[in-house]
Amino acid sequence: MATVSRLLASSIRRQLVRTTRQQTPITQFVRWEGTDSTALETRPTVRKFDPEMRQNLTEFGQYVAECMPKYVQKVQLTAGDELEILIAPQGVIPVMTFLKNHHNAQFGSMADIAGVDIPSRVNRFEIVYNLLSFRFNSRIRVKTYTDELTPIDSVNEIFKAANWNEREVWDMYGVYFANHPDLRRILTDYGFEGHPLRKDFPLSGYVECRYDDELRRVVQEPVELAQEFRKFDLAAPWEQFPAFREMIPAAEEVDIEKK
């Protein structure tokens with residue numbers, strides 16, 4: 001009987017422990033963050049900038065400006081910790097060569113080339129080069145400008161990845177790259193007229209395609225619209241170059257005159 005009593009007692013204790021564990025509330029470990037909550041959120045929702053990184057970027061921008069004062073017009077930090085070098089169009093080849101081959105830079109990878117069209121400017125097109133340094137795990141953005149008739153030197157001999165990127169800028173914006181080995185359209189069809197990403201290019205284009213039952217093929221005809229195009233305000237809020245631009249709130253200019 002004593003053995004049976006001990007077995008029953010131990011079984012009851014295990015059952016009580018199991019029941020207690022099952023009834024332990026777990027809601028105290030859950031963090032509810034509903035939008036209708038009035039409780040203050042202590043966890044930061046915006047990425048904080050690293051002061052040391054900002055200082056390093058500022059010093060490197062000043063260093064580039066000191067090494068190439070003939071071409072660097074302005075150095076700025078945008079979005080808190082993104083370094084931008086604004087250069088004259090004549091300095092594309094020297095600055096790109098410097099950023100790739102200099103021991104303190106080593107930006108050996110060209111991630112992208114982009115274009116911006118601001119028709120209200122004298123030099124309406126802005127060419128943006130995005131570079132990456134694997135050695136220092138850092139990125140830099142180089143910007144220059146041109147118009148419809150002035151070519152920009154191709155950087156294909158410096159960065160082979162620029163071949164198709166420059167072709168895309170030529171196709172979309174009509175910016176001509178001098179000394180490019182194969183400057184052809186890359187996104188639009190054969191015989192396409194115009195450059196689609198220009199602000200003065202109509203959204204519907206100039207021609208439309210349809211299948212002709214009589215000719216039994218696809219034909220292109222001028223676009224016919226019942227409604228005239230509306231005018232859009234092309235005022236640019238992102239003026240940046242010092243000669244004809246105002247300072248934007250999102251950019252923090254780096255003093256390149258300080259020695």
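The following conversation goes through the strands and helices of a predicted model.

Reader: To start, how many helices and strands does the protein chain have?

Author: The protein chain has four helices and 10 strands. Along the sequence, they follow the pattern α-α-β-β-α-β-β-β-β-α-β-β-β-β.

Reader: What is the order of the strands in the open sheet of six?

Author: The order is β3-β4-β5-β2-β1-β10, and the pairing in this sheet is mixed.

Reader: And which strands stand at the edges?

Author: Those are β3, residues 109-117, and β10, residues 251-254. Each has a single partner strand, so one side of each is left without a neighbour in the sheet. From one strand to the next, the twist averages 25°.

Reader: Does anything pack on that sheet, I mean, which strands does helix α2 touch?

Author: Helix α2, made of residues 51-67, packs on the sheet and touches β1, β2, β5 and β10. The direction of the helix makes about 175° with that of β1.

Reader: Let me stay with β1. Why is it largely enclosed?

Author: Six of the seven residues of β1 are buried, so this strand is largely enclosed by the rest of the structure. Here, buried means under 20% relative accessible area.

Reader: How many bridges join β1 to β2?

Author: Six bridges join them, and the two strands run antiparallel. One bridge pairs V75 with I85 in β2. The two strands form a hairpin with three residues between them. In the turn, A79 has a positive phi of about 55°.

Reader: And over how many bridges do β1 and β10 pair?

Author: They pair over four bridges, again in the antiparallel sense. In β10, A251 is the bridge partner of T78.

Reader: Moving along the sheet, in what sense do β4 and β5 pair?

Author: Strand β4, residues 125-133, pairs with strand β5, residues 138-146, in the antiparallel sense over nine bridges.

Reader: Which residue in β5 does N130 stand opposite?

Author: N130 stands opposite R141 in β5.

Reader: Where do side chains point in a regular strand?

Author: In a regular strand, they alternate between the two faces of the sheet.

Reader: A change of topic: what share of the residues of the protein chain count as buried?

Author: Of its 259 residues, 37% count as buried. The protein chain exposes about 17,900 Å², and carbon and sulfur atoms supply 54% of that area.

Reader: Finally, what share of the contacts join residues at least 24 apart?

Author: Among contacts between residues at least 6 apart in sequence, 51% join residues at least 24 apart.

Definitions and conventions. Residues numbered from 1 in each chain as written. Predicted model: local features only at pLDDT ≥ 70, side-chain atom pairs only at ≥ 80, totals over all residues. Heavy atoms only, no water. Pairing = 2+ DSSP bridges. Axes fitted to C-alpha atoms, helices over the stretch in contact; angles between N-to-C directions. Contact = heavy atoms within 4.5 Å. Buried < 20%, exposed > 50% of the residue type's maximum accessible area, 1.4 Å probe, protein only. Areas by Shrake-Rupley, 256 points an atom, 1.4 Å probe, with all protein chains shown as cover.
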